[in-house]
Amino acid sequence: MASSPSPFTLSFSSSVSSTSLLPCRRSFILPIPRGRATSFTVQSKIREIFMPALSSTMTEGKIVSWIKSEGETLSKGESVVVVESDKADMDVETFYDGILAAIVVPDGETAPVGAPIALLAETEEEVAEAKAKAAKSSQSQSSAPPPQPANPAPAISQPSPPPPPPPSAAASDGPKKTVATPQAKKLAKQHKVDLASLTGTGPFGRITPADVETAAGIAPSKSSPAPAAPAPASSAPPKAAAAGAVKPKGVTMTAILAKAAAMALVQHPVVNASCKDGKNFAYNSNINIAVAVAINGGLITPVLQDADKLDLYLLSQKWKELVNKARGKQLQPNEYNSGTFTLSNLGMFGVDRFDAILPPGQGAIMAVGASKPTVEADATGFFKVKNKMLVNVTADHRIIYGADLAAFLQTFSKIIENPDSLTL
């Protein structure tokens, strides 16, 4: 005899792995022969601004836009250029005071990590020397490009007719210090929109794809049917608006799992500990839940900071904002590298069970599989259908013992099976 489905329960298992000690970084001091006087002289005060490594997996970066132009005086710590890495668009600061004498890598072009992208001079007299040096380097690179165009030729030959007009617009955007996302620039070229005439609504005034679509008349065409419907009945819009206001209150499964994990970590702080030097471990004062998200060409872990202190609805809203920023490559470093506990959910792909790899420095990572209806018999012999999902935790055994994990997972299971506690 079968009864109606009941709230899903949670079955779990734990796996403990021991991470090997990280190799120590060694430094060597070179001896100076006795009897020899050594002196160091600075032959030139022209410094190079290099393409920085904005993430551990970054091998090259793309210049989104130069915030400063040639001839401007820079102060240490001032933002100079916006660089697109494999994870986010970030402002790059200068480490020295001086004059931006020459830009080596212009907007839209890429350069490997460590390559010079601009030259910085200390005095006006050195500006001419820096420009000559930049011109010389560009001439040396111009001899190498012939083999490079051979590869991109097929891609450029196809859209060759349309590109001519947009380049002029892109060139005009550079000196005006227009900051726009890569997708917004692509849309601007397609619809022939002048980015310099737009006012960005994104972070720090950055132009977003929605700004370009609005300027091109695409957004109004989509929203036009909406006002047509409410026009006939003036009393209907408030109801429709009320119904629309209720939908944003829904929470995602990711927010529920992150909140439950955070509440369980409050009771089991050792699972939230970290070991970064391979010898000592420390308890983290904040509970920051990092959640793995797949993006084009890689993986990133946006962090829900202080997840235990946030309301469930606010946590869900924060998660949606982080996902949008991650897909738009707008996450700041502290928004993806400050996690103390990682959550990886592959349930949406139908994966029942998998083992997640422990991130360096963290104590544990939770792998969540798909929830599926399961038939089971109760104590009275009646059959019931319950939704079950398998949770697997990988941990650093130098910090967390199996008993600690078992206690943590029991608490996590009770919270998930009684979701009312999540809203308290």
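This section describes the fold, the sheet pairing, the nonpolar cores and the salt bridges of a predicted model.

The secondary structure of the protein comprises 12 helices and 17 strands. Of its 424 residues, 34% count as buried. The surface that the protein exposes amounts to about 24,600 Å², of which 58% is supplied by carbon and sulfur atoms. Among contacts with a separation of 6 or more, 62% are made by residues 24 or more positions apart.

An open sheet is formed by 4 strands, which follow the order β2-β9-β7-β4 with antiparallel pairing. The edges are occupied by β2 (47–50) and β4 (73–74); each has a single partner strand, and therefore one side of each is left without a neighbour in the sheet. In general, the strands of a sheet pair through backbone hydrogen bonds, in either a parallel or an antiparallel manner. Strand β9 (residues 116–121) pairs with β2 in the antiparallel sense over 4 bridges. Within this pairing, glutamate 48 has leucine 119 of β9 as its bridge partner. Strand β7 (residues 98–103) is likewise antiparallel to β9, and the two are paired over 4 bridges. Here isoleucine 103 has alanine 118 of β9 as its bridge partner. Of the 6 residues of β9, 5 are buried, so this strand is largely enclosed by the rest of the structure.

The nonpolar interior was examined next. In soluble globular proteins, nonpolar side chains tend to be buried together. The largest nonpolar core of the model has 47 residues, and those with the most contacts inside it are Val271, Ile289, Phe341, Leu343, Met366, Phe408 and Phe412. Two or more residues are given to this core by each of the helices α10 (253–267), α11 (312–327) and α12, and by each of the strands β10 (289–291), β11 (293–295), β14 (341–345), β15 (364–368) and β17. The greatest contribution comes from α10, which gives 8 residues. The surroundings of one core residue, valine 271, illustrate this packing. When neighbours within four places in sequence are left aside, valine 271 is in contact with Leu265, Phe341, Ala364, Ile400, Asp404 and Phe408. A second, separate core has 17 residues, including Ile63, Val80, Leu100 and Ala118.

Helix α12 (residues 402–417) is one of the elements that contribute to the largest core. This helix has 16 residues and reaches 22 Å from its first C-alpha to its last, close to the 22 Å expected at 1.5 Å a residue. Its buried residues are Leu405, Phe408, Leu409, Thr411, Phe412, Ser413, Ile415 and Ile416. An α-helix has 3.6 residues a turn, so residues three or four places apart point the same way. Two of the buried residues of α12, Phe408 and Phe412, are also among the residues with the most contacts inside the largest core.

Charged side chains were considered last, and 11 salt bridges were counted in the model. In one of them, the side chains of lysine 68 and glutamate 78 meet at 2.7 Å, N to O. Lysine 68 lies in the loop between β3 (60–66) and β4, whereas glutamate 78 lies in the loop between β4 and β5 (79–84), so the pair ties together parts that are 10 residues apart in sequence. Lysine 68 is buried, with a relative accessible area of 16%, while glutamate 78 is partly exposed at 24%.

Glutamate 376 takes part in salt bridges with lysine 386 and with lysine 388. The side chains of glutamate 376 and lysine 386 meet at 3.4 Å, N to O. Because glutamate 376 lies in strand β16 (residues 372–377) and lysine 386 in strand β17 (residues 383–396), this pair ties together parts that are 10 residues apart in sequence. In the salt bridge between glutamate 376 and lysine 388, the closest N and O atoms are 2.9 Å apart. This pair also links β16 with β17, its two residues being 12 residues apart. Glutamate 376 is partly exposed, with a relative accessible area of 24%, and lysine 388 counts as partly exposed at 26% relative accessibility. Elsewhere, Lys68, Glu72 and Glu78 are joined into one network by salt bridges that share partners.

Technical notes
Residues numbered from 1 in each chain as written. Predicted model: local features only at pLDDT ≥ 70, side-chain atom pairs only at ≥ 80, totals over all residues. Heavy atoms only, no water. Pairing = 2+ DSSP bridges. Expected span 1.5 Å × (residues − 1). Buried < 20%, exposed > 50% of the residue type's maximum accessible area, 1.4 Å probe, protein only. Salt bridge = Lys/Arg side-chain N within 4 Å of Asp/Glu carboxyl O. Core = buried A, V, L, I, M, F, W, Y, C linked by side-chain atoms within 4.5 Å. Contact = heavy atoms within 4.5 Å. Areas by Shrake-Rupley, 256 points an atom, 1.4 Å probe, with all protein chains shown as cover.
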